[in-house]
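Visitor: I'd like to go through this one label by label, and ask what each label rests on. Could you give me the value behind each term and show how the conclusion follows?

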Amino acid sequence: MTVADGQAAARLCALNILGQLRSACSGDLDRVVRLVRVAGLVRCTPDFEDQAKVLNAASDLMCDVLGVDGRHARIASGTHALPSGMAVEIEAVAEIR
């Protein structure tokens, strides 16, 4: 996979997270006070060093949708394997009202 392929996978993860947030907020994303933390794993080879570039696609999307409330702390790491052959796995912690 290319970095662009990984970025597409990261955006899909971000969309899924936003969908879960919307569900938790009864359909109203305005209830999101802030996105606190995002942690992402990128399936890659040992010499790959662009995990942050891959995860930027998810972070950028969250900020585009949530505005300043979407800014967050982040961890971007690499791993040799993920469940079901996924390219990217992302978790998020959000504060909602």
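## Putting labels to the test

Visitor: Why is Cys63 called partly exposed?

Guide: The relative accessible area of Cys63 is 26%. Buried would need under 20%, and exposed would need over 50%. The value for Cys63 falls in between, so partly exposed is the label. Keep in mind that this is a predicted model.

Visitor: And what makes Cys13 buried?

Guide: Here the relative accessibility is 16%. That is under 20%, so Cys13 counts as buried.

Visitor: How do you know how many disulfides there are?

Guide: The count is 0. A pair of cysteine sulfur atoms has to lie within 2.5 Å. For Cys13, the closest cysteine sulfur is that of Cys44, 14 Å away, which is too far for a bond. Cys63 is in no disulfide either: the nearest cysteine sulfur to it belongs to Cys13, at 16 Å.

Visitor: On to the sheet. What makes β1 and β3 a pair?

Guide: Two strands pair if there are at least two bridges between them. Strand β1 (residues 32–43) and strand β3 (residues 88–96) are joined by 9 bridges, so they qualify, and they run antiparallel. Two residues to click on in β1 are Ala39, whose bridge partner in β3 is Glu91, and Gly40, which stands opposite Ile90 in β3.

Visitor: What about β1 and β2: how many bridges are there, and are the strands parallel or antiparallel?

Guide: There are 7 bridges between β1 and strand β2 (residues 73–79), and the two strands run parallel. With at least two needed, the pairing stands. One place to look is Arg37, which stands opposite Ala73 in β2.

Visitor: Which strands are called edge strands, and why?

Guide: The open sheet has 3 strands in the order β2-β1-β3, with mixed pairing. β2 and β3 are the edge strands, since each pairs on one side only. From one strand to the next, the twist averages 15°.

Visitor: What handedness does the β-α-β unit have, and which elements make it?

Guide: The elements are β1, helix α2 (residues 51–66) and β2, and the unit is right-handed. The test is the path from the first strand over the helix to the second, with the strands pointing away from you: clockwise means right-handed.

Visitor: Where does α2 lie on the sheet?

Guide: α2 lies across β1, β2 and β3, at about 145° to β2. Helix α1 lies across β1 and β3, at about 30° to β3.

Visitor: How do the two helices sit against each other?

Guide: The axes of helix α1 (residues 3–24) and α2 come within 7 Å and cross at roughly 35°. The crossing is right-handed. On the α1 side, the residues that meet α2 include Val3, Ala10 and Leu18. Among their counterparts in α2 are Val54, Leu61 and Val65.

Visitor: Val88 and Ala76 are both strand residues. Which labels do they get for exposure?

Guide: Val88 lies in strand β3. Its relative accessible area is 5%, under the 20% limit, so Val88 is buried. Leaving out residues up to four places away in sequence, Val88 touches Gly6, Ala9, Ala10, Cys13, Leu41, Val54 and Leu82. Val88 and Gln7 are 81 residues apart along the chain, with C-alpha atoms separated by 8.7 Å.

Guide: Ala76 lies in strand β2. At 31%, Ala76 is neither under 20% nor over 50%, so it is partly exposed. With the same sequence neighbours left out, Ala76 touches Gly40, Gln51, Ala52 and Leu55.

Visitor: Last one: what makes the phi of Ser26 worth a look?

Guide: Most residues other than glycine have a negative phi. Ser26 has a positive phi near 55°, and it sits in the loop between α1 and β1. Ser84, in the loop between β2 and β3, also has a positive phi, of about 55°.

Visitor: And are those serines buried or exposed?

Guide: Exposed takes over 50%. Ser26 is at 67%, so it counts as exposed. Ser84 is at 79%, so it is exposed as well.

Conventions:
Residues numbered from 1 in each chain as written. Predicted model: local features only at pLDDT ≥ 70, side-chain atom pairs only at ≥ 80, totals over all residues. Heavy atoms only, no water. Buried < 20%, exposed > 50% of the residue type's maximum accessible area, 1.4 Å probe, protein only. Helix = DSSP H or I, 4+ residues; strand = E, 2+ residues; numbered from the N terminus. Axes fitted to C-alpha atoms, helices over the stretch in contact; angles between N-to-C directions. Left-handed = near helix turned anticlockwise from the far one by under 90°. Contact = heavy atoms within 4.5 Å.
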